[in-house]
Amino acid sequence: MNYLLTTLTKKQEVDSLIRSTIDKVLVLRFGRASDSVCLLLDDVLAKTAREVSRFAAVALVDIDSEDIQVYAKYFDITLIPSTVFFFNAHHMKMDSGTADHTKWVGAFQRKQDFIDVVEAIFRGAMKGKLIVSCPLPPERIPKYQLLYKDV
């Protein structure tokens, strides 16, 4: 599915896209094109990209690229796929009941789940919020165990 969406492999490309996306939510999916869960998420993203195009832009980031490792470390991306949201170059966070509010880990179960999350982030960002509540019920939020290194 990565041929349908923009794939970024360089830090400069990511920086430029974050800075140039104005008045829209920027959705960055960090992952691999060969991973099965990433392919499921890519399918959802590709199918909904047109529907959310009025208030969101979607791009894929190749986590294996050496140049992208700066972002992988900064956002602590250890599980893939991880989806990070921005609005007007500000990192948007979402309280989804998990320990990590900085990113969405895993795939969305349905297209409508992705649309609802992006719309909630857009509405919150338009009100000046940097963290929003997840509109999805807890049973549709992926669960994972956080492992902290060197703690």
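This is a short tutorial dialogue on reading a predicted protein model.

User: Happy to start! How many helices and strands does the protein have, and in what order do the elements run?

Analyst: Welcome! This predicted model has four helices and seven strands. Reading from the N terminus, the order is β-α-β-α-β-α-β-β-β-α-β. The radius of gyration is 14 Å, close to the 15 Å given by the globule rule for 151 residues, so the protein is as compact as a globular protein of that length.

User: What box do the C-alpha atoms fill?

Analyst: Along the principal axes, the box is roughly 35 × 35 × 25 Å.

User: And how do I read burial and the contacts along the chain?

Analyst: A residue counts as buried when its relative accessible area is under 20%. Here, 45% of the 151 residues count as buried. For contacts between residues at least 6 apart in sequence, 74% join residues at least 24 apart.

User: What supplies the area that the protein exposes?

Analyst: The protein exposes about 8,300 Å², and carbon and sulfur atoms supply 52% of that area. As for charge, there are 20 positive and 19 negative side chains, with the centres of the two sets 5 Å apart.

User: Let's try one residue. Where does T21 lie, and is T21 buried or exposed?

Analyst: T21 sits in the loop between α1 (11-20) and β2 (25-31). Its relative accessibility is 9%, so T21 counts as buried, the cut-off being under 20%.

User: Which residues is T21 in contact with, leaving aside neighbours within four places in sequence?

Analyst: Those are L26, A57, N88 and A89. Closer in sequence, a polar atom of the T21 side chain lies 2.7 Å from the backbone oxygen of L17.

Methods. Residues numbered from 1 in each chain as written. Predicted model: local features only at pLDDT ≥ 70, side-chain atom pairs only at ≥ 80, totals over all residues. Heavy atoms only, no water. Helix = DSSP H or I, 4+ residues; strand = E, 2+ residues; numbered from the N terminus. Rg over C-alpha atoms; globule rule 2.2 N^0.38 Å. Buried < 20%, exposed > 50% of the residue type's maximum accessible area, 1.4 Å probe, protein only. Contact = heavy atoms within 4.5 Å. Areas by Shrake-Rupley, 256 points an atom, 1.4 Å probe, with all protein chains shown as cover. Lys, Arg positive; Asp, Glu negative; His and termini not counted. Charge placed at Lys NZ, Arg CZ, Asp CG, Glu CD. Polar contact = N/O pair within 3.5 Å; in protein donor to acceptor, adjacent residues only side chain to side chain.
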